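Here is a friendly note to read alongside the structure. Take a moment to turn the model around before you start on the points.

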Amino acid sequence: MASSDKALESANQAARDAKQDVQKLRDEIDNLKLITQAIWHLMRQKTDVTDEMLATMIREIDQLDGKIDGRYVRVPEPCPQCARPLTVSTNSCVYCGIKVDRKSPF
Ligand SMILES: [Zn+2]
């Protein structure tokens with residue numbers, strides 16, 4: 001097989017892999033939407049919360065990162081010891097090493 005054929009096959013495989021990854025993410029999003037809908041319907045049935053209250057809360061959470069853009073972006077907390085931003089995925093400061101107790105599950 002010529003090197004151009006190998007490059008073409010490699011590119012085609014990468015495209016197929018990317019397409020599968022996108023489909024998997026779409027499936028996961030659809031599942032999360034379903035779960036979110038079910039939780040919301042349960043909350044509405046079992047409590048006094050309304051669609052308007054949910055819409056207000058969505059706007060409040062949307063603007064927590066300083067932008068109303070339909071997305072929730074986690075803003076890194078400052079380290080309690082050195083005040084540098086804490087990495088989202090660790091439980092210690094990458095700059096000074098202090099252990100950090102996360103207050104928010106998000
Ligand atoms: Zn620190």
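1. How many Å separate the centres of domain 1 and domain 2, taken over C-alpha atoms? The answer is 27 Å. Domain 1 covers residues 3-65 and domain 2 covers residues 74-106, with bounds that come from an automatic or database domain assignment.

2. Before going on, a word on what you are looking at. This is a predicted model, in which local features need pLDDT of at least 70 and side-chain atom pairs count only at pLDDT 80 or more, while totals for chains, interfaces and linings use all residues. Residues are numbered from 1 along each chain as its sequence is written.

3. Now the overall shape. The C-alpha atoms fill a box of roughly 65 × 45 × 25 Å along the principal axes. The radius of gyration of the chain is 22 Å, whereas a compact globule of 106 residues would have one near 13 Å. This radius is taken over C-alpha atoms, and the globule rule is 2.2 Å times the number of residues to the power 0.38.

4. Burial and contacts come next. Just 2% of the 106 residues count as buried (20 or more other C-beta atoms within 10 Å of the residue's own; exposed means 12 or fewer, partly exposed is in between, and C-beta atoms are placed from the backbone). Look also at contacts (C-beta atoms, placed from the backbone, within 7 Å): among those between residues at least 6 apart in sequence, 2% join residues at least 24 apart.

5. The chain has two helices and zero strands; these are DSSP runs (helices: H or I, at least four residues; strands: E, at least two), numbered from the N terminus. Helix H1 spans residues 3-46 and reaches 64 Å from its first C-alpha to its last, close to the 64 Å expected, the expected span being 1.5 Å times one less than the number of residues. Why does H1 lie largely in the open? Of its 44 residues, the number buried is zero.

6. Ile 39 is a good residue to find within helix H1. Ile 39 is exposed, because 10 other C-beta atoms lie within 10 Å. Its C-alpha is 29 Å from that of Asn 91, and the two are 52 residues apart in sequence.

7. Helix H2 has 12 residues and reaches 16 Å, close to the 16 Å expected. Zero of the residues of H2 are buried, so this helix also lies largely in the open.

8. Where is Gln 81? Gln 81 sits in the segment after helix H2 (51-62). It has 13 C-beta neighbours inside 10 Å, so Gln 81 counts as partly exposed. Leaving aside neighbours within four places in sequence, Gln 81 is in contact with Cys 93, Cys 96 and Ile 98. Gly 70, 11 residues from Gln 81 in sequence, is 33 Å from it in space, C-alpha to C-alpha.

9. Finally, Ala 83 is also in the segment after H2. Ala 83 has a positive phi of about 70° although it is not a glycine. Most residues other than glycine have a negative phi. With 11 C-beta neighbours inside 10 Å, Ala 83 counts as exposed.
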